Amino acid sequence: MRKPLPSLCLEKIFWEIYNEEVINDNPLNTILDIRKTLFNCLLVNRDFCRHVIPILWRNTFNWYLPSSKLIITYLSFLSPESRFNLTKRLNNINISELLEICSKERPFFNYTSYLRELEYHSVFKSVQELWPKEIKRERNRQNIENQLIMAEELCKMFLLQCPTLYRLDLATDLNFLNPFKFSSLTSTKSCLIKLREFKCSDHPDQLKIFTTLSNICHNIEVMQLGILRDNDNFIDSSLYEGIRQLLRSQRYLKKFICSFAQKGFMSIIGPNFPISLQDITLHACDLLDEEDSFNYFMEYYNLTTLTLIDCNNLQGSHLSSLKYLRINNFKRERSNMKLNIIYNNPVQYYDIKSIIIHSNVILTKLLLDDIIQPYSLIEDITNYCSNLIHLRANISANVLPQIPLLFKSLKKLEIIELKNEKTFYENLIPITMTNELAIEISKSIPSSLYSFTFLLMVVFTSQSLALFLEQLDERCIIMSDTSYYSTDDDGDDGDDRSGSDGGDGGDGDDGYYYDEYIDIEMNQVIFEEFYIRIDLDEYNESKGEHFKLFKEFECTKYLHDNNSCLIPTYIDELDE
C-alpha cells in the first residue's frame with residue numbers, strides 16, 4: 001500500500017499553487033485558474049480537502065468577482081442574535097425566509113473561520129449581487145442602505161469568528177450612506193493582534209479607527225491611508241494626531257502609503273515612524289511650509305525608498321537631507337536610498353529642475369507626463385542623475401541630438417519612455433531619423449536597458465532601423481537580409497512566425513510591401529519592450545487623425561511558440 005504524502009509536503013504544494021504569480025495582462029483569468037486548480041485538488045480525497053479548504057477560503061472576496069452565492073454561504077454562519085438583528089434592521093424587506101434556509105443548509109466546514117483577508121468594499125459588492133439586476137440599476141437610496149446593513153452585519157461576523165486576520169481593508173466611498181462602524185466593536189482584539197496589512201480611506205470614522213487599532217495592533221507591516229477631507233477641502237488636525245499614535249504603536253512597519261494629506265502633516269507624523277520603516281509613498285500631499293519635511297528621515301537607517309506622486313509645493317531643498325544618515329549626531333552619506341518622483345499632471349520645469357539638482361545621486365525614477373517649457377531637461381538629467389533607472393517624459397523631438405550623451409551618462413538605465421509633448425500639432429510632419437544619428441544612439445545604449453520606448457515625432461526609415469539594430473550585435477541581435485517571401489518549400493511556415501505588430505508580410509492591408517525581416521534567435525532578444533515610429537501610415541489620407549499616423553514596431557523577449565522573426569512595418573518615403 002502506498003503511503004500518503006506527509007502533511008507538510010501537501011501544504012507546501014498547495015501554497016505554491018495559491019501563490020502563483022498573477023499575470024498582469026489577464027489577472028482575473030489567473031485568479032480563476034488558481035481557484036479552479038485548488039477546487040479540483042480538494043476533490044481528490046479527504047486529506048487533500050482538509051489542506052485545501054483553509055487556503056481556498058482565506059481570501060474569498062474580490063472586487064472584480066462579486067458573488068451572491070458566496071454571501072448566501074456566509075449568511076448560514078450568522079449567529080441567531082445576528083440573524084435577528086439583521087431581520088429587524090431590514091424591516092422593509094422580507095429576509096427571514098432566506099436566513100432560515102441558509103441556517104438549515106450550513107456547510108460542513110466553518111468557512112468563516114478560515115478568512116484571513118477582509119475587504120469591506122468587496123463584501124459590499126458581493127452583497128449587491130443578491131438584489132435583482134433591475135433593482136441594482138435603479139441605484140435606489142433605500143436599497144443601497146439595506147445592502148450596506150447586510151455588509152456591516154457580515155463584517156461583524158467575520159471579525160468575531162475569525163481567529164486571525166492578516167489584512168484588513170476598510171477603504172470605502174464618500175457616497176456610502178452608512179459605512180461600516182468598525183470602532184463600535186469591542187470584542188475583536190484577538191482577531192486583529194496579528195494584523196500585517198491595513199488600508200483605510202475616505203471613512204468618516206477614521207479617527208476612531210486609528211485610535212482603536214493603536215491599542216490593539218502593533219505588528220502592522222504595510223499601512224495605506226487616504227485622508228478624509230470635508231467639502232471645503234479641510235482636514236481636522238486631530239486626525240494627524242490619530243495617525244501619529246497609530247504609527248508610534250507599530251514595531252515592524254515596513255511600508256507606509258499616505259494620500260491627500262495637507263500642509264503640516266509631515267511635522268506631526270515625521271518623527272514617529274518606527275525604525276523598521278523601509279518604504280514611504282506620498283500621493284497628492286501638500287508640502288507647503290514644510291521646510292524640514294524630510295529631515296526626520298535621516299534617523300531611519302532602514303529607509304531605502306521614497307516615492308512622491310503628484311505632491312504639491314515640492315521643492316528641491318526638501319530633498320537635500322535624504323542623501324544623509326544621522327547616527328550618534330554624526331552625518332554620513334546614504335548608499336542605498338532610492339527616490340522616485342512621479343507627476344501625472346502638468347508641471348513647470350523650473351520646479352523639476354530644482355528637484356533634479358538637489359536629489360541628483362539618489363534619484364532613481366523620474367516619470368513626467370507633461371512638462372511645461374522643458375528647456376534643459378535632458379541636459380540636466382545628463383549632468384545630475386547618474387543613478388537614474390527609469391525615465392519617462394513627454395518632450396519635443398528637438399532633444400534628439402542629446403540622446404547619445406544621455407545614454408552615455410546613465411549607465412544604470414533600465415527603462416526609457418520618451419513620447420510626444422501633449423500639444424496638439426496641426427499637419428506636423430515628423431523628423432526623419434538619420435543613419436548617422438541612429439548609429440550614434442545605438443552605440444551609446446547602456447547594457448542595462450531592457451525597455452526602449454521612443455515615440456517622439458521621429459520616424460525611422462528602413463535603412464536607419466537596420467543600422468540601429470545592427471550596431472546592437474554585441475547584445476545578441478542577429479540581422480538577416482533574407483526576404484520574408486520565399487520560394488522555398490518551407491515558405492508557408494513564415495506566415496506563422498510574423499511579429500506581434502508586424503502584419504502578414506508581403507502586400508499588407510495598407511497596400512505596402514514588406515520585403516525585409518529581422519531573424520532573431522530565441523532567448524537572444526536585446527529588449528523586452530521596443531516601441532518606435534517606423535511608418536507614416538498613409539499620411540496624406542489621414543489629415544485630422546493626429547497621432548494616429550504611425551504604426552508601432554514591438555520587439556518582445558517573450559516570443560510565443562515558434563515566433564522567431566519580427567517584421568518591421570516601415571516605408572522609406574511617402575507615396576506621391
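The legends below describe close-up views of a predicted model.

**View 1. Helices α2 and α3 pack against each other.** Helix α2 (residues 27-42) and helix α3 (residues 46-56), both DSSP runs of H or I with at least four residues and numbered from the N terminus, pack at an angle of about 150 degrees with their axes 8 Å apart. Since angles over 145 degrees count as roughly antiparallel, α2 and α3 are therefore roughly antiparallel to each other. Contacts, meaning heavy atoms within 4.5 Å, bring Arg35, Leu38, Phe39, Cys41 and Leu42 of α2 together with residues of α3 that include Phe48, Cys49 and Val52.

**View 2. Strand β10 pairs with β7 and with β12.** Strands are DSSP runs of E with at least two residues, and two of them pair if DSSP finds at least two bridges between them. Strand β7 (residues 305-309) runs parallel to β10 and is joined to it by 5 bridges, with Ile341 in β10 as the bridge partner of Leu308. Strand β12 (residues 363-368) is likewise parallel to β10 and joined by 5 bridges, and Lys365 in β12 is the bridge partner of Asn340. In β10 (residues 338-343), 5 of the 6 residues are buried, that is, under 20% relative accessible area with a 1.4 Å probe and protein chains only.

**View 3. Cys311 is buried and in no disulfide.** A search of the whole structure finds 0 disulfides, a disulfide being a pair of cysteine sulfur atoms within 2.5 Å. The cysteine sulfur nearest to that of Cys311 belongs to Cys285 and is 5.2 Å away. Cys311 has a relative accessible area of 3%.

**Notes.** Residues are numbered from 1 along each chain as its sequence is written, and side-chain values use heavy atoms, with hydrogens and water left out. In this predicted model, local features need pLDDT of at least 70 and side-chain atom pairs count only at pLDDT 80 or more, while totals for chains, interfaces and linings use all residues.

Terms used
Buried means under 20% relative accessible area, exposed over 50%, partly exposed in between (1.4 Å probe, protein chains only). Axes are lines fitted to C-alpha atoms, for helices over the stretch in contact, and angles run from 0 to 180 degrees between N-to-C directions. Angles under 35 degrees count as roughly parallel, over 145 as roughly antiparallel, 65 to 115 as roughly perpendicular and the rest as oblique.
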